[in-house]
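Work through these short exercises with the structure open beside you. Try each task before you read its solution.

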Amino acid sequence: MKWITPFKLNFMKLRDKLLLMYVLSVFIPIVATNLIFYHVTATNIRNQKNADAVMALNHLKTELRGIIDQGVGLAYSLYADPLFNKTISQLFPSQIDYIQTYNSYLKGALSDQESIHGVRGYQVYSDNPTILRSGYIEPLTDATKQLDWYVQSQGQSVRNAFPALIYWDSRFSLIQRLNNYHTGGFQQLVKIDLNMKLIAQTFDGSSFAGNVYLADPEGRIVFAKRSEDGENPQPQAGFVQDMELDKADHRFQSAYEGINYLNGWSLHGILDEKFYMQEVSKSRSFVIWLACINFVLPTLIIAAMSRSLHVRLVRILKHMKKVKSQQFQSIPPEEARDEIGQLTIEFNRMTETINNLINEVYIADIQRKDLELKQQKAQLHALYSQINPHFLFNVLESIRMRSIIKGERETAKIVQHMAKMLRKSISWSANEVTVQEELELIGSFLDIQQYRFGEMLEYSIVADPAILQYRIPKMVILPFVENASIHGIESSPEKGMISVAVDLYRDQLRFKLADNGIGMAAGKLDELLGYLEEHEEIGERVGMKNTYNRLKLIYGERYSLTVRSAEGEGTEIQILLPLKASGQ
């Protein structure tokens with residue numbers, strides 16, 4: 001019975017297979033990953049900006065209330081003062097009596113309140129006919145009752161114990177009725193003008209990135225945050241509901257609730273969509289550059305491997321077709337040790353053998369059988385290909401997932417570290433990495449070593465967050481960590497400890513590596529330091545030698561390497577490198 005498949009890979013050309021592998025394994029995953037990454041990043045940015053805007057609006061709301069509460073405190077102190085209320089409610093026998101009372105008590109009682117920062121000024125009004133116009137006290141006349149602040153205060157239904165907040169003549173005022181005690185039938189109140197300069201500074205200093213408006217209980221906009229050019233962005237429409245906004249604009253609101261004198265007042269913030277897009281565009285540029293790097297590097301690698309396979313296989317195929325017409329030409333030899341190189345060698349050997357078989361009639365049957373066997377082997381060799389790094393990643397990932405399924409989480413973790421180190425060593429196209437990337441690689445290596453030694457090994461990695469984005473040559477610290485693990489800890493019968501610390505020291509990056517291993521005697525340490533300076537290979541310490549030469553080639557005299565060790569007391573290595581910020 002034949003199994004008919006809709007898509008037979010064996011019928012495809014090798015070039016088409018490699019192209020299909022690239023599209024399915026590289027192109028589509030990278031596009032999908034970057035699109036998802038961009039969407040998640042943009043969403044996170046919007047959410048963060050919205051949270052920052054709400055926090056800034058609430059902070060402004062708290063600061064504004066703090067200023068108003070200073071005036072409210074003044075109003076309540078006068079409202080609750082029995083002596084003050086009794087004094088302004090009494091009928092004075094003569095003007096002289098009032099003047100004496102004013103100078104001896106009222107003037108001092110009122111002037112004591114002048115030091116309040118949030119209050120610009122205040123005035124007491126009374127229709128007591130025996131009270132004269134004097135400093136802080138004014139008669140409550142019919143002309144005064146026609147003023148806007150008085151009319152507004154009479155229209156507000158506020159409890160007697162709390163002042164009324166009104167906005168008039170480009171200022172905020174608190175109107176407090178002084179009727180907590182018997183007034184003798186007189187109408188008495190205090191008008192407290194708030195410090196408008198302080199209020200304006202509070203609005204202008206708000207961290208809210210857009211326009212901010214303060215609306216009264218009727219929804220009328222009475223005050224707004226000034227723009228950077230000093231203009232007031234208050235719209236021509238005087239009410240919040242009449243504001244004309246773009247569909248893309250974002251609106252925030254924070255209302256005062258549970259506060260008698262501020263009930264109904266609210267803050268409104270407007271953020272332009274461009275504010276979000278500026279941050280999103282930065283992420284877009286990063287995603288585009290990341291996608292380009294992810295495209296270019298795998299494409300170059302796959303293209304190089306594909307060409308190595310395709311070109312040489314096509315050349316072998318052409319010579320095979322020549323053999324069919326009895327043209328026994330050898331393929332020009334090349335320095336290649338892979339399967340295709342071996343196949344080329346075998347093909348040349350095969351053609352030479354065939355040619356000899358034709359010339360040697362007497363042993364034709366034996367040679368023909370041998371030729372057929374070699375030809376079958378050559379055809380098998382032609383199907384071999386190099387292992388793609390992605391295949392190794394998939395194998396390691398399969399082992400990791402299988403370990404997780406079986407509950408072997410420690411093994412899965414170590415396999416993950418191995419895959420991470422392999423991926424890092426292959427994917428780093430540049431000669432430099434950040435300190436953070438180097439430390440992550442060191443952490444993966446030490447986790448693997450800890451898995452190997454068990455409880456006999458502990459390690460710590462400490463780094464100043466401010467230096468994580470500085471750039472260094474890749475894999476310049478790992479060889480020293482590997483040396484500490486293999487030569488320092490492995491030979492020690494005691495429990496091993498490896499510590500790695502990175503910080504800033506005199507405008508340089510300082511790497512400190514210490515272990516409590518077997519250490520080195522003074523003579524061996526001198527031999528090691530002298531050997532690093534020579535041009536010979538150092539045998540089992542070739543990693544340290546190569547790293548030392550790289551640092552010397554890159555930095556010249558601008559770096560330093562210090563090694564301290566004592567036999568039985570461990571080893572400490574300190575490396576100082578010049579600073580190089582990310583992006584330089």
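The expected span of a helix is 1.5 Å times one less than its number of residues. Keep in mind that this is a predicted model.

**Exercise 1.** Find how well the span of helix H13 agrees with the expected value.

*Solution.* Step one: helix H13 covers residues 478-489, which is 12 residues. Step two: at 1.5 Å a residue, H13 should span 16 Å. Step three: the end C-alpha atoms of H13 are 15 Å apart, which agrees.

**Exercise 2.** Is H13 largely enclosed or open?

*Solution.* Buried means under 20% relative accessible area. In H13, 10 of the 12 residues are buried. Among them are Leu478, Phe480, Asn483 and His487. So H13 is largely enclosed by the rest of the structure.

**Exercise 3.** Repeat the span check for helix H8.

*Solution.* H8 runs over residues 339-359, 21 residues in total. Its expected span is 30 Å. Its end C-alpha atoms lie 30 Å apart, so the two values agree. Buried residues of H8 include Ile340, Leu343, Phe347 and Ile354.

**Exercise 4.** Which class of exposure fits Lys318, and which fits Asp97?

*Solution.* Exposed means over 50% relative accessible area, and partly exposed lies between buried and exposed. Lys318 has 54% relative accessibility, so Lys318 counts as exposed. Asp97 has 27%, so Asp97 counts as partly exposed. Lys318 sits in helix H7, while Asp97 sits in helix H3.

**Exercise 5.** Which residues gather with Lys318 in a patch of positive charge?

*Solution.* The partners are Lys13, Arg15, Lys321 and Lys324, on the surface. Helix H7 (residues 273-324) gives the largest share of the patch, three residues.

How values were computed: Residues are numbered from 1 along each chain as its sequence is written. This is a predicted model: local features need pLDDT of at least 70, side-chain atom pairs count only at pLDDT 80 or more; totals for chains, interfaces and linings use all residues. Side-chain values use heavy atoms; hydrogens and water are left out. Patches are made of residues with over 30% relative accessible area and no salt bridge: like charges are joined within 9 Å, nonpolar side chains (Val, Leu, Ile, Met, Phe, Trp, Tyr) within 5 Å. Accessible areas come from the Shrake-Rupley method with a 1.4 Å probe; for residues, only the protein chains shown count as cover. A salt bridge is a side-chain nitrogen of Lys or Arg within 4 Å of a carboxyl oxygen of Asp or Glu. Lys and Arg count as positive and Asp and Glu as negative; His and the chain ends are not counted. The place of a charge is taken as NZ of Lys, CZ of Arg, CG of Asp or CD of Glu. Helices (H or I, at least four residues) and strands (E, at least two) are DSSP runs, numbered from the N terminus. Buried means under 20% relative accessible area, exposed over 50%, partly exposed in between (1.4 Å probe, protein chains only).
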